[in-house]
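User: Please take a close look at one part of this model, the interface between the chains. After that, go through the helix packing and any unusual backbone geometry.

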Amino acid sequence: MFDACISGLIAVLSWPAFGLMLIGVAAGFVVGILPGIGGIATLAIMIPFTFSMKPAAAFAFLLGMLSVVTTTGDLTSILFGIPGEGSTAATIVDGYPMTRKGEAGRALGAALMSSLVGAIIGVAVLAMLVPVLRPLVLAFGSPEFFMLTIIGISFIGIMSGQSPLKGLLCGGLGLLSATVGMHGSTGIFRYCAPIMFLWDGIPLIPSIIGLFAIPELIDLARMEVMSKKPDVGEIGGVMQGIKDTFRHWWLVVRCSLIGTFLGLIPGMGTGTAAWIAYAHAVQTSPDKSRFGKGAIEGVLAPGAANNSKEGGALVPTVAFGVPGGPAMAVLLGAFLIAGLHPGPDMLTKHLDITFSMVWTVVISNIITVLAALPLLKYLAKIASIKAALLTPIILYLAFLGAYSSSNTIGDLVLLVIFGALGYVMVAYEWPRGPMVLGMVLGEISEDFFISSVGRYKAAFFLKPSVLILICIFIFNVLFPVIRERRRKRKAA
Amino acid sequence: MKNMILTRSFIGFGVVILVLISFAPAAISAPKPFWEGKTLTFIVDTPPSGGADLYARHIARYLPKHLPGKPIAIVSNITEGGSIGALNRLYHTKPDGLTIGYVNRAIVVNQLVGQPGIRFDLSKLSWIGSPTQGETVFYVRADRGWNSFADMQKSNKVINSAASRMGTAPYQFQRSIELAFKMKFNIVFYPGTGDRMLAIERGEVDAGTLDTDPFLAEYKHLLDRGVVKIFMQTGLQTGLPTGPERNKDFPNVPTVDELLRQLPTDPTGALVMRAFVDTTVLGRPYACPPGTPKDRLDPLIRAFEETMKDPGYLAEAEKLRVTPKPISAEKIAQMVRGVLNSPPEVTKLFSQMFKE
C-alpha cells in the first residue's frame with residue numbers, strides 16, 4: 001500500500017500530469033468564483049480533452065479542477081451572498097454578515113484554510129480506510145441511509161437558534177417543498193401537474209440563490225457601500241481567519257470528518273455536508289446567538305465539510321462505480337475513457353491510480369490556497385465598492401447562476417419567488433438555513449424511504465442497525481434540551 | 001459639373017456591375033452551405049453526467065465534421081420535466097435542421113399508454129439514427145440458489161428486483177418478465193443506476209436489469225467475482241427467422257426469444273415482452289423535430305451514418321465501451337410505429353404496469 005501511495009504521488013508530480021493539474025486548478029478557480037458556470041457542467045465539457053491522456057494525468061486535470069471549485073465557491077458566498085456552487089450556500093449564513101461587518105478578509109482566510117484542512121483530512125481518511133472501504137460502504141443499506149437522513153433532519157431544530165418553533169416551521173416548509181414533483185415509485189404528480197418545470201422537483205440552485213442573494217441585494221441597494229469600514233489590515237484580516245482555523249482546530253477536524261462520512265453515502269454528501277456541519281457548529285457552541293450574525297465557526301464548519309466530502313465521495317465512485325454526487329458521475333465517464341473499471345480493482349490492482357487521485361485533491365488545494373492568499377486582500381476590498389455599482393453586477397450574477405440550473409425561464413421565475421420569500425423571512429426573522437436543510441434532505445430521505453419500504457415494508461425499523469441509529473437520533477434531539485436545562489439549573 | 005458627376009456615377013455603377021458579374025458564377029456554382037457559421041444543438045434529457053450526456057457529447061464532436069458547412073455543435077441539457085419534457089421541447093422546436101434531440105427509448109411505451117404531459121407523437125419525429133442497438137441483461141444474485149431462469153420461474157418465489165422510477169426501461173423490462181413468464185416481482189425503486197447496482201452487491205435485492213454496454217463497462221466485476229449471474233439477455237437483433245443472436249460476451253446466456261419459446265408463458269404477456277424488446281433495440285436514438293425539410297434531414301442522416309464510420313469516432317467509442325451497431329432512421333421509424341400500433345390487449349397490459 002505504501003508503494004502505491006508513493007507511486008501515486010510520483011504520477012501526479014510527473015510531467016505532464018502536474019502541468020495539467022495546474023490548468024485544471026486555474027479553470028476550477030474561475031468556475032468556482034463565477035456563479036453562472038457550474039463546476040459539473042464544466043467538468044463534462046472538459047471530458048473530451050482526456051481522451052488522449054494517461055489515467056493519472058486525466059484525473060489530475062479533472063480532479064484538480066473539481067477540488068478547487070468548492071473552495072473558491074466559498075469566496076463568492078462570503079463576498080456577495082451568492083452561492084458560487086450549490087454546495088457552498090451554508091457559508092453565506094455567517095460569511096456574508098462578516099463581510100457586512102467589515103471582516104471579509106478574516107472570513108475569506110478562514111474559508112480558505114478550513115477548506116484546505118478539510119480536503120487534507122478527507123483524503124487522509126480515504127487513504128487510511130482503503131483496506132476496509134468496501135465492507136464499510138456495504139454495511140449500510142437503504143434503511144440505515146434513511147435513518148441517517150432523519151438524523152440530518154433533526155438538525156433543523158438545532159439550527160433554529162432562539163426560536164425553535166419558527167425553525168421547525170421553516171424546516172417543515174423545506175421538507176414540503178421537497179415533495180413537489182413526480183413521485184418516484186408511483187409516478188403521481190404532486191403539486192406540480194400543469195407545470196412541467198416542476199416535474200423533477202423544485203430545483204435547488206435557483207431556490208437557494210433566491211432565498212439568500214435577493215434579500216441581501218435589496219438590502220445592499222439601499223446602502224452606500226456594502227461595508228463601511230472594510231478590515232484591510234496587514235493582509236486584509238486574512239491572517240486572522242487562518243489563525244481562527246487553528247484556534248478552532250477541533251471543530252474543523254470534526255466537521256471534516258462529518259463531510260467525509262456524508263460523502264461516503266451516494267447522493268447525500270453534495271448538498272448536505274456543509275449544512276449538517278454548520279448545524280453541528282451551532283449545536284456545540286456555548287453561545288448560539290452569534291450564529292447568523294457573523295460567527296467565525298459558521299464559516300469554518302461548512303468550509304471544512306464542503307471540501308472533505310469530495311474525498312468521501314470518491315469512495316463509492318472508485319470502489320463501486322456508484323457516483324457519490326453529480327460531479328462524481330461525470331468523473332465516472334472519465335474512468336471509462338481512461339480504460340479503468342471502478343470496483344475492487346481500484347483498491348488493489350490500480351491502487352496507485354486511486355492514490356494519485358488522493359494526492360491530486362491535496363496538492364491542488366494547497367496550490368489554490370497559496371495562489372488565492374495574495375489575492376484575498378484585494379477581494380476583501382470589493383466590500384468597499386459603491387453599492388450602486390456592485391448591486392447590478394451581483395444581481396446579474398445571481399440571475400446567471402439561477403439560469404444555469406436547467407437553462408429555462410422557470411429558473412428565473414423561481415429565483416424571484418424564493419427571493420420574495422427570503423426577503424419576508426429576513427424581515428420577520430424566520431431562519432432560512434432550516435428551510436434549505438429540509439429541501440436538501442427531503443428528497444434524499446424520501447428516496448431511501450421508498451427503497452426501504454419497497455424492500456422490507458415496515459419491518460426495516462426492527463433491523464438492529466436501524467434501532468441503533470434511532471437511539472442516536474433520540475440522543476441528538478434530546479441532548480441539547482437536557483444540556484440547556486442543566487445549564488439553566490446551574491445558573492439558577 | 002452636373003454632367004461630370006453623372007458620368008462618374010455611371011462609371012462607378014458600371015464597375016460595381018462588372019465586379020458583381022465577375023463574382024456571380026462562383027457564387028452561383030458554390031452557394032454557402034446551410035450549416036456554415038451556424039450552431040447545431042443537441043438536446044439531452046439529463047444533467048451533464050451519466051451515459052446519455054456522455055454519448056451525446058461524443059456524437060456532437062464528430063457529426064458536424066460530416067455536415068456541409070461544418071457547424072459548431074453544442075449540447076443543451078434540458079432537464080425540465082425529464083425525458084418527456086425534453087422531447088416536448090424538441091417536438092415543438094422550429095424544424096430547421098439545427099436541433100437534434102436524444103430520445104429516451106422508454107418513452108415509446110410512455111406514449112403508448114398515454115402518460116400525462118406528452119405533447120408529441122413519436123411516429124411523426126424526423127429520425128436521424130441510433131449509434132448502437134440496445135441490449136439488456138437480466139442479472140441475479142448468485143447466492144440465491146437458482147442456476148437458471150427456468151429454476152427461478154419454477155421456484156414461485158417473490159423476486160425482489162431493483163429498478164429506477166416507474167415507467168423507466170428497467171421497470172418495463174421487469175414487469176414484462178413478470179407478465180410473460182407468470183412470475184411475481186417486488187420491484188424496489190432506487191434513484192440511479194449506481195444505487196441499483198450497489199443494492200445488488202450488498203444483497204438488498206435478488207435481481208435487476210441493465211443495458212449490456214454499461215454492464216460490461218462498469219459492473220463486469222460483479223460477474224467476474226461471482227456476485228451475480230446473468231440469466232437472460234435481449235440479444236442482438238439480426239432480422240433472421242432464428243431470432244436474436246446471443247451477445248458474444250454472454251454466449252451461454254439464453255435470449256428472451258429463446259426463453260419465450262422454451263418455457264411456459266402467458267401468450268399476451270409474451271406479446272408485451274416482444275414489444276418491450278423492440279423498444280430496447282432502438283438503443284439511443286436521435287431525431288429532429290417533425291416536418292424537418294428533406295434538404296436538411298437527408299444531409300443530417302448522411303452525416304450521422306458517416307459519423308458512425310469515422311475512425312476517430314470509433315476509436316473514442318471503443319474507449320467509451322459503446323458497441324457500434326448503428327440503426328438506420330428508417331428502421332427506427334418502422335420499429336416505433338410497430339410498438340405504437342400494438343394490439344389493444346398489449347396496450348392494456350402496458351397501461352396496467354403504470355397503474356400499479
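Analyst: The interface comes first, then the helix pairs of one chain, then two backbone details.

The model is a predicted one. In it, 44 residues of chain B are in contact with 51 residues of chain A. The size of an interface is often given as the accessible area lost when the parts come together. For chain B and chain A that buried area is about 4,000 Å², and carbon and sulfur atoms give 59% of it. Arg165(B), Glu204(B) and Lys319(B) supply 15% of the area that chain B buries against chain A, more than any other three residues.

As for specific polar interactions, the rule finds 0 salt bridges across the interface of chain B and chain A. It does find 5 residue pairs in polar contact there, with both residues at pLDDT 80 or more. On the side of chain B that touches chain A, the elements giving two or more residues are α2 (51-62), α3 (82-91), β7 (184-189), α7 (193-201), α8 (212-218) and α13 (311-319) of chain B. The largest share of that side comes from α3(B), with 5 residues. By class, the residues on the side of chain B that touches chain A are 15 nonpolar, 13 polar and 16 charged.

Within chain A, three helix pairs can be described. Helix α11 (residues 204-221) of chain A packs against helix α18 (residues 387-403) of chain A at an angle of about 170°, and their axes are 10 Å apart. Because of this angle, α11(A) is roughly antiparallel to α18(A). From α11(A), the residues that meet α18(A) are Ile205(A), Pro206(A), Ile209(A), Ala213(A), Ile214(A), Leu217(A), Leu220(A) and Ala221(A). Their partners in α18(A) include Thr391(A), Ile394(A), Leu395(A) and Gly401(A). The contact of α11(A) with α18(A) has 13 nonpolar residues, 2 polar residues and no charged residues.

Helix α5 (residues 90-100) and helix α6 (residues 104-128) of chain A have axes 7 Å apart and pack at an angle of about 150°. The limit for the antiparallel class is over 145 degrees, so α5(A) counts as roughly antiparallel to α6(A). Gly95(A), Met98(A) and Thr99(A) of α5(A) make the contact with Ala104(A), Arg106(A) and Ala107(A) of α6(A). These residues divide into 3 nonpolar, 2 polar and 1 charged.

In the third pair, helix α8 (residues 142-153) and helix α21 (residues 464-491) of chain A pack at an angle of about 0°, with axes 9 Å apart. The angle therefore makes α8(A) roughly parallel to α21(A). On the α8(A) side the contact is made by Pro143(A), Glu144(A), Met147(A), Leu148(A), Ile150(A) and Ile151(A). The α21(A) side includes Val466(A), Leu469(A), Ile470(A), Phe473(A) and Asn476(A). By class, the contact of α8(A) with α21(A) has 10 nonpolar, 2 polar and 1 charged residues.

Two backbone details in chain A remain. Trp15(A) and Pro16(A) are joined by a cis peptide bond, with omega about 10°. Pro16(A) is in the loop between α1 (2-13) and α2 (17-33) of chain A. Glu429(A) is not a glycine, yet has a positive phi of about 55°. This residue, Glu429(A), lies in the loop between α19 (409-427) and α20 (433-456) of chain A.

Terms used. Residues are numbered from 1 along each chain as its sequence is written. Chains are lettered from A and ligands numbered from 1 in the order in which they are written. This is a predicted model: local features need pLDDT of at least 70, side-chain atom pairs count only at pLDDT 80 or more; totals for chains, interfaces and linings use all residues. Side-chain values use heavy atoms; hydrogens and water are left out. Contact means heavy atoms within 4.5 Å. Buried area is the accessible area (1.4 Å probe) that two parts lose on being put together, summed over both. A salt bridge is a side-chain nitrogen of Lys or Arg within 4 Å of a carboxyl oxygen of Asp or Glu. A polar contact is a pair of N or O atoms within 3.5 Å; within protein, one must be able to donate a hydrogen and the other to accept it, and residues adjacent in sequence count only if both atoms are side-chain atoms. Helices (H or I, at least four residues) and strands (E, at least two) are DSSP runs, numbered from the N terminus. Ala, Val, Leu, Ile, Met, Phe, Trp, Tyr, Cys and Pro count as nonpolar, Asp, Glu, Lys and Arg as charged, and the others, Gly among them, as polar. Axes are lines fitted to C-alpha atoms, for helices over the stretch in contact, and angles run from 0 to 180 degrees between N-to-C directions. Angles under 35 degrees count as roughly parallel, over 145 as roughly antiparallel, 65 to 115 as roughly perpendicular and the rest as oblique.
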